[in-house]
Amino acid sequence: MDWNRRQVLWAGGGMGAAALLAACGGGKDAASSGSGGTPQKGGTLRVGALGRASAITRDPHGNQGNESDYLVIALVYDTLTAPGLKQNTVGRLASAWKPSADLKTWRFTIAKGATFHDGSPVTAEDVVWSLRRLRNTPAGAARLPGITADHITADGKDTVVLVSDFANAELPMITRLSTFILKKDTPDKDIAKAPGTGPFKLDWYRGGNARLLRNEHWHGGPVPLDAIEVTMFESPQAMANAMLSGQIDLASNAGAVAARTADARKDIQVIRRPNDMAMPLVMRTSGGPFADARVREAMKLIVDREAMVKQVLSGYGTVANDILGTGDPGYAKNIPQRTRDLAKAKQLLTDAGFDFGKTYQLVTTEDIAGLAESATLFAAQAREAGVKVEVVKQESGTFYDKTWLKGDFYTNYWGTNDSVVFFASKTMTTGSGQNEAGWSDKDFDAAYHKAIATGAPEARTAALRDLQQIEHDRSGYLLWGMADGIDLAAPKVHRLPQLPGYGRVQLENVWLSR
Amino acid sequence: MTDTTAPPAEAAARPVTASAARRAGTLAARVAAVLAKRLVMLLVLLAVVFAAIELLPGDAASATSERGEGTAGLAARRHLLGLDRPVWERFRDWITALPTGDLGTSARGQHVTDLLAAPLPNTLLLGGTAFVLTVLGALALGIWAAARPRGAVDRIVDLTSTAAFALPEFVVSIGLLLVLSLWTGWLPAATVTGADGAPATWTMLVMPVLALAVPQTGWNTRIVRAALADQAAAPHVEAARLDGLSTSRVLLRHALPGAWPAIATGVATSTGMLLGGAVVVETLFNYPGIGTVLAGAVADRDTPVIAGVVACAAAVITVVLLLADLVRARTLGARS
């Protein structure tokens, strides 16, 4: 087993934490955990979030590698829209939005009474300037797909008009995560201190750590907490230790190892946010051994999904059905769950003339916990079907350089999983920018275009169902399961975020009982 | 020590200031020469750092890119970061800016000096405290053990110092974490900082300092003990003992002065070990120092940040080595 130094450290810390359990079993009874009770005003929430000192980014439109930085930015600045629980897009700085009949022109209305932290009102000009700034960053085209900078305009004081190059029923969804609004003409050198419009104001920021104070005038309503203190943690284990020793009230995205430790402690809440992370196996459809759809289906029948969730995710996850976007309210739960069927898999492979004598390389990385383990476990499961799979671990940089979008067979991971259409547009339609499996399927493309060009709910649901069925049947993705996002919190913390992915930063409604 | 005859009277009458000035002059020249040598070494070291990162797979543009960037975006960022230019050119630019205090810009667009502004003093505090503790601990234990060679204390110190030195920092760290924090709750498990970027309370320093100091104290105790044993065999120490002076007086006034050069060299090498160990210890205790910056920067292939950390660490080590040289020069010089 190849362990790197960091893993050894974490494992060491894990042992430490496990030993702690023995010592600290039988703590106090857990207080009410969920959102029960009347919110109380006041108090300071001490939050731990992961990040590296070398990767610090202060620019809201920059490339935030640190969860800690994104947390601070998302509390100080508002995006136009935000991820929601019942609908996957809800308003934030924009209170309403309306498409034209052709679904190309979208008009966003700025929330009434929205002001910057310095007291000045938010105007459409500020929003236009911020969105154009975002669009002009190196990753801008991926963050606002289909919308060029000159197609972002103001209409009056409180309306912003976005014009997409193509019909897009899901356009508001793409404005959820990075459309942070700053004041027009904020110079780059002042970006770190620029006033936002969010629920908290920046008190200080230093070396990844920050203190935020309540914005008394937030347009989104009253904010219970007086302040939030963010501490950046280099390793999840150090963050878990800080949680266990009571130095922080919330460990954001602490991971499964920490959750196992904390599960035995009655004085710590373990919050599971389902559908947080997808770790699909990608099979190249455009050539190579997996080009035949029967071979791909066989692989999907070979994998033992329950075992993967249990062993790779330590049980903190759910089985998936080879369709990406499991958190989408429109996710097709009625497509029958694919289960392990080795006999059928062997038959399919034989029919397709699959070469059982060859060894197939499955390329993986150690970028996130469990990824390499998923590859190793799959290889073991494939052996039971007579398919020889050799796991090749690549260093992250090499992987993105040499394997990603090019390889025949590799693992990858995706962190925002609440939209089927998002994955279709980004990774599966013909010629899409991140088409990991090199997939091109006329029926799928047609279903996709139907889905995004349809505003009517029923027709849209039907189109989405078709799209997912095709994806389930023959896409290049083997999605065996979904990892939960896991937060640890003290019993006194209420109304914690429930959403997966970036939804973990929604701390504006959190309150503390005393 | 060849000419032991008494100096001529006129020499004794010569003004002391002149000879002191001359000595100071030669000392300054020696310091300058040593500094120049170390500066050249630092240049070579930094060149090696640049070359080594070049050899690693991937580069800063790909390591810090967002998935949506695409080939064109990557190329643009590569150009922005200057990665499309030859490595020697980037090295030349970086090194010529160094004397002005400009350490360049990180792959994520932050000034390296800003990135290091808070962590460097923290690491110096951590390393400095561990260093002082190491020196004091090693001297105390080494002298105590040397007081009665082959006595019980000597044997116990010999065993424990070897064991302490053999323990990697992360084992010591986890042991400390378990006992002093998670089991007893006496000390905070992780470091949390205030608005000034420094640890919020001094108690947060205790475990990281101990984790660094314990292995190094083991190492240096052995050096002190060995150096004192060497000195014990020297004629003047033998003579002092035969004169019937107390053990402590013999050790402190006669043996220890001669042992200084060896001890100084030993603790000076510990500086490098302390700074190296800081990478591990800082990560485990979430201590906000340059070790954590370095670990992340290597993963990001962020050459200016890595070189900045190396330059800072090298500067610290150079100063300590220089001090060790001075101690040696003084001790040996006094006897030549």
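These legends describe close-up views of a predicted model with chains A and B.

**View 1. Chain A as a whole.**
Chain A carries 14 helices and 21 strands. Its C-alpha trace spans about 70 × 65 × 40 Å along the principal axes. The radius of gyration of chain A is 23 Å, which agrees with the value near 24 Å that a compact globule of 514 residues would have. Of those 514 residues, 54% count as buried. Among contacts in chain A with a separation of 6 or more, 71% join residues 24 or more positions apart.

**View 2. An open four-stranded sheet in chain A.**
The strand order is β4-β5-β7-β6 (chain A), with antiparallel pairing. Strands β4 (94-99) and β6 (152-154) of chain A form the edges, and each pairs on one side only. From one strand to the next, the twist averages 20°. Helix α3 (residues 124-135) of chain A lies across β5 (105-110), β6 and β7 of chain A. The helix runs at about 170° to β6(A).

**View 3. The hairpin of β4(A) and β5(A).**
Five bridges hold the antiparallel pairing of β4(A) with β5(A). Across this pair, A:Trp97 has A:Phe108 in β5(A) as its bridge partner. Five residues lie between the strands of the hairpin. There A:Leu103 takes a positive phi near 60°.

**View 4. The two faces of β5(A).**
Which side chains of β5(A) are buried? Those of A:Trp106, A:Phe108 and A:Ile110, which point to one face. A:Thr105, A:Arg107 and A:Thr109 point to the other face and are not buried. The side chains thus alternate along β5(A).

**View 5. β7(A) between its two partners.**
β5(A) and β7(A) run antiparallel and are joined by five bridges. A:Arg107 stands opposite A:Val161 in β7(A). Strand β7 (residues 159-163) of chain A also pairs with β6(A), again in the antiparallel sense, over three bridges. On that side, A:Thr153 stands opposite A:Val161. A:Val161 therefore appears in both pairings.**View 6. The side of chain A that touches chain B.**
The contact takes 43 residues from chain A and 48 residues from chain B. Several elements of chain A each supply at least two residues to this side, including α4 (140-143), β8 (200-206), β9 (209-214) and β10 (227-233). Helices α5 (236-244) and α11 (396-403) of chain A are also among them. The largest share, seven residues, comes from α1(A). By class, the side of chain A that touches chain B has 16 nonpolar, 20 polar and seven charged residues.

**View 7. Two crossing helices in chain B.**
Two packed helices are described by the angle between their axes and the distance between the axes. Here the axes of helix α12 (residues 247-285) and helix α13 (residues 290-299) of chain B come within 7 Å. They cross at roughly 95°, which makes α12(B) roughly perpendicular to α13(B). From α12(B), the contact is made by B:Ala278, B:Val279, B:Glu282 and B:Thr283. From α13(B), it is made by B:Gly291, B:Thr292, B:Leu294 and B:Ala295. The contact has four nonpolar, three polar and one charged residues.

**View 8. The surroundings of B:Gln216.**
B:Gln216 sits in helix α10 (residues 203-232) of chain B. Is B:Gln216 buried or exposed? It is buried, because 27 other C-beta atoms lie within 10 Å, where 20 or more is the cut-off. Not counting residues up to four places away in sequence, B:Gln216 touches B:Thr134, B:Ser270, B:Met273 and B:Leu274. B:Gln216 and B:Met273 are 57 residues apart in sequence, with their C-alpha atoms 7.8 Å apart in space.

**View 9. A positive phi at A:Arg495.**
Most residues other than glycine have a negative phi. Phi of A:Arg495 is positive, near 55°. A:Arg495 lies in the loop between β20 (493-494) and β21 (511-512) of chain A. With 17 C-beta neighbours inside 10 Å, A:Arg495 counts as partly exposed.

**View 10. A positive phi at B:Arg150.**
B:Arg150 is not a glycine, yet its phi is positive, about 65°. The loop that holds B:Arg150 runs between α7 (119-147) and α8 (152-166) of chain B. B:Arg150 is exposed, because 9 other C-beta atoms lie within 10 Å and the limit for exposed is 12 or fewer.

Definitions and conventions:
Residues numbered from 1 in each chain as written. Chains lettered and ligands numbered in written order. Predicted model: local features only at pLDDT ≥ 70, side-chain atom pairs only at ≥ 80, totals over all residues. Contact = placed C-beta atoms within 7 Å. Nonpolar A, V, L, I, M, F, W, Y, C, P; charged D, E, K, R; others polar. Axes fitted to C-alpha atoms, helices over the stretch in contact; angles between N-to-C directions. Parallel < 35°, antiparallel > 145°, perpendicular 65-115°, else oblique. Rg over C-alpha atoms; globule rule 2.2 N^0.38 Å. Pairing = 2+ DSSP bridges.
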